[in-house]
Amino acid sequence: MEPDRFDSTSSPGSPNTARSPAGRELPATVSSDRQEISSGRPWEVRYGYSRAVRVGPLFQTSLTSPADSDGRILCPGDLYGQSRQSLAVIGKALAEAGMSFADVLATRVYMLDTGQWEAAARAHAECVTQVRPALSFIGVANFFDPAILVEFEITAYRTIA
C-alpha cells in the first residue's frame, strides 16, 4: 500500500505534502486522485476555482462561458456560436482529464432566453454524439458579462482502468 501523501503531521514542503498543479500546498483532506483542470482563463486564478475537477471517475465542470483564452466573450449575439464555443472549452477539459463527450452523464444549459433552446440543443447534439445524457435548460436573469447569452455545465463519469 502506498504511504499516505496527506499526513497532516507532515511539515510544510516535506515529501508527504500534497501540492496542486499550480504548486500550492493542499489541505490534508484533498484526495490524491484529484485533478484540477484549468482553461487558462483569467477568472480562474483571480477567483480561486478550476474549469473542471476530476476525482476518481467523477468529472465536473464549472459554469463555462463562450470565452477565448484572454477572457473575451466570443460570438456576440449568436447563441448557437456561443454554445459551440462553451462546449469546445469543455471538450478540452474532458480531454485533459482523459475523458470525452462519450462520458457525459448530464448537461445543464443556462440561458438568458430559454425560448432559443433549440440553438443550444443543436450545438449540444453536434458535440455529444455517442451518448444521450440528461439535459436541462435553465433560465437566468443575467451573466457576469452582458455579451454572454448561454453557459454550459457538465458532469461526466468514467471508470478508471
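These exercises walk through the sheet, one helix pair and the confidence of a predicted model.

Residues are numbered from 1 along each chain as its sequence is written. In this predicted model, local features need pLDDT of at least 70, side-chain atom pairs count only at pLDDT 80 or more, and totals for chains, interfaces and linings use all residues.

**Exercise 1. Judge the confidence before reading details.**

Step 1. pLDDT is the predictor's confidence in each residue, from 0 to 100. The chain averages 85, and 80% of the residues score at least 70.

Step 2. Find the weak stretch. Residues 1-19 stay under 50. The model has 29 contacts beyond four places in sequence for them; contact means heavy atoms within 4.5 Å.

Step 3. Where pLDDT is low, the predicted coordinates should not be read in detail.

**Exercise 2. Lay out the sheet and name its edges.**

Step 1. Strands (E, at least two residues) and helices (H or I, at least four) are DSSP runs, numbered from the N terminus. Two strands pair if DSSP finds at least two bridges between them.

Step 2. Write the order. Six strands form an open sheet, β1-β2-β3-β6-β4-β5, with mixed pairing.

Step 3. Mark the edges. β1 (34-37) and β5 (134-139) each pair on one side only.

**Exercise 3. Trace the pairings of β2, then that of β4 with β5.**

Step 1. Start at β1 and β2. They run antiparallel, joined by four bridges. Q35 has R54 as its bridge partner in β2.

Step 2. Go on to β3. β2 and β3 are also antiparallel, over four bridges. Here A52 faces T61 of β3.

Step 3. Inspect the turn. The β2-β3 hairpin has two residues between its strands, and G56 in the turn has a positive phi of about 60 degrees.

Step 4. Cross to the other edge. β4 (residues 104-111) and β5 run parallel, with six bridges. A106 stands opposite A134 in β5.

**Exercise 4. Describe how α2 packs against α3.**

Step 1. Two packed helices are described by the angle between their axes and the distance between the axes. Axes are lines fitted to C-alpha atoms, for helices over the stretch in contact; angles run from 0 to 180 degrees between N-to-C directions.

Step 2. Apply this. α2 and α3 (residues 117-127) pack at about 35 degrees, with axes 8 Å apart.

Step 3. List the contact residues. α2 gives L79, Y80, S83, R84 and L87. α3 gives A119, A120, R122, A123, H124, E126 and C127.

Note on methods. Side-chain values use heavy atoms; hydrogens and water are left out.
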